[in-house]
Amino acid sequence: MKTKGEIEAALCAGISRFEQEYRGRGPKDIQAYLLGDFVVVRLQGLLTPAEQQLAKFPSEKGRDLLKQVRNHLIETANPLLRALVQEITGVKVLSLHHDISTKTGEAFILFTLAEPPIYRQAKKT
């Protein structure tokens with residue numbers, strides 16, 4: 001049985017690998033948090049240089065387009081991401097929510113689980 005930290009580290013590795021395989025690059029930083037029956041993944045430094053330029057477009061059009069593309073990618077990969085989280089946590093994923101800031105390049109993915117995962121306590125040193 002894994003510890004909470006091991007589950008969070010495996011989630012980071014899996015989501016980072018997904019970003020690299022589907023978008024061609026991973027985030028500069030990633031953290032996963034297991035909070036009861038939620039998994040929150042925070043990705044930083046996610047925008048490519050081209051996406052950063054698109055986000056600077058004078059009107060809202062560039063930012064809206066960037067968000068649409070990102071949301072479409074996540075929706076398309078929804079079954080894959082759910083399976084990844086279920087495999088790591090051992091719990092069925094009920095829902096997935098995603099948002100990205102076009103100003104900071106920071107994104108959040110929230111997974112709602114059917115129940116809190118079971119994990120062992122880390123050994124104190």
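Colleague: Which elements each supply at least two residues of the lining of the largest cavity?
Modeller: In this predicted model, those elements are α3 and β4. Helix α3 gives the most, with three residues.

Colleague: Which residues line the largest cavity?
Modeller: The lining consists of Glu19, Leu43, Leu46, Arg70, Leu73, Ile74, His98, Ala107 and Ile109. A residue counts as lining if it has an atom within 4 Å of a cavity point.

Colleague: What makes this space a cavity and not a pocket?
Modeller: A 1.4 Å probe must fit at the points of a cavity but be unable to get out, whereas a pocket is an open set. The structure holds one cavity of 30 Å³ or more. About 40 Å³ of space lies in the largest cavity.

Colleague: How does the lining of the largest cavity divide by class?
Modeller: It has six nonpolar, one polar and two charged residues. Glu and Arg count as charged, and Glu19 and Arg70 are both in the lining. His is not listed as nonpolar or charged, so it falls among the polar residues; His98 is in the lining.

Colleague: Why are α3 and α4 called oblique to each other?
Modeller: The axes of α3 (residues 60–76) and α4 (residues 78–89) cross at roughly 60 degrees. Roughly parallel would need an angle under 35 degrees, and roughly perpendicular begins at 65. The crossing angle fits neither class, and the two helices are therefore oblique. Their axes come within 4 Å.

Colleague: Which residues of α3 and α4 meet?
Modeller: Ile74, Glu75 and Thr76 in α3 meet Asn78, Pro79 and Leu81 in α4. The residues of this contact divide into three nonpolar, two polar and one charged. Ile74 also belongs to the lining of the largest cavity.

Colleague: How do you know that β1 and β2 are paired?
Modeller: Pairing asks for at least two bridges, and seven join β1 to β2 (residues 38–44). The two strands run antiparallel, and Ala32 stands opposite Val41 in β2. Their hairpin has two residues between the strands, and Gly36 takes a positive phi near 65 degrees there.

Colleague: What makes β3 and β4 a pair?
Modeller: The criterion is again at least two bridges. Seven bridges join β3 to β4, and these strands run antiparallel. Val93 stands opposite Leu113 in β4. The hairpin of β3 and β4 has six residues between the strands, and Gly105 in the turn has a positive phi of about 75 degrees.

Colleague: In what order do the four strands form the open sheet?
Modeller: The order is β1-β2-β4-β3, with antiparallel pairing.

Colleague: Why do β1 and β3 stand at the edges?
Modeller: Strands β1 (29–35) and β3 (93–100) each have a single partner strand, so one side of each is left without a neighbour in the sheet. Neighbouring strands of this sheet are turned by 15 degrees against each other on average, direction ignored.

Colleague: Which strands do α1 and α4 touch where they pack on the sheet?
Modeller: Helix α1 (residues 4–23) touches β1, β2 and β4 (107–113), and its direction makes about 135 degrees with that of β1. Helix α4 touches β2, β3 and β4, and its direction makes about 120 degrees with that of β3.

Colleague: How many helices and strands does the protein chain have?
Modeller: There are four helices and four strands. From the N terminus on, the elements run α-β-β-α-α-α-β-β.

Key: Residues numbered from 1 in each chain as written. Predicted model: local features only at pLDDT ≥ 70, side-chain atom pairs only at ≥ 80, totals over all residues. Heavy atoms only, no water. Axes fitted to C-alpha atoms, helices over the stretch in contact; angles between N-to-C directions. Parallel < 35°, antiparallel > 145°, perpendicular 65-115°, else oblique. Contact = heavy atoms within 4.5 Å. 1 Å grid on protein atoms, 1.4 Å probe; cavity = no way out; pocket = protein on both sides within 12 Å on 5 of 7 lines; lining within 4 Å. Points joined across faces, edges and corners; volume = space filled by probe spheres on them.
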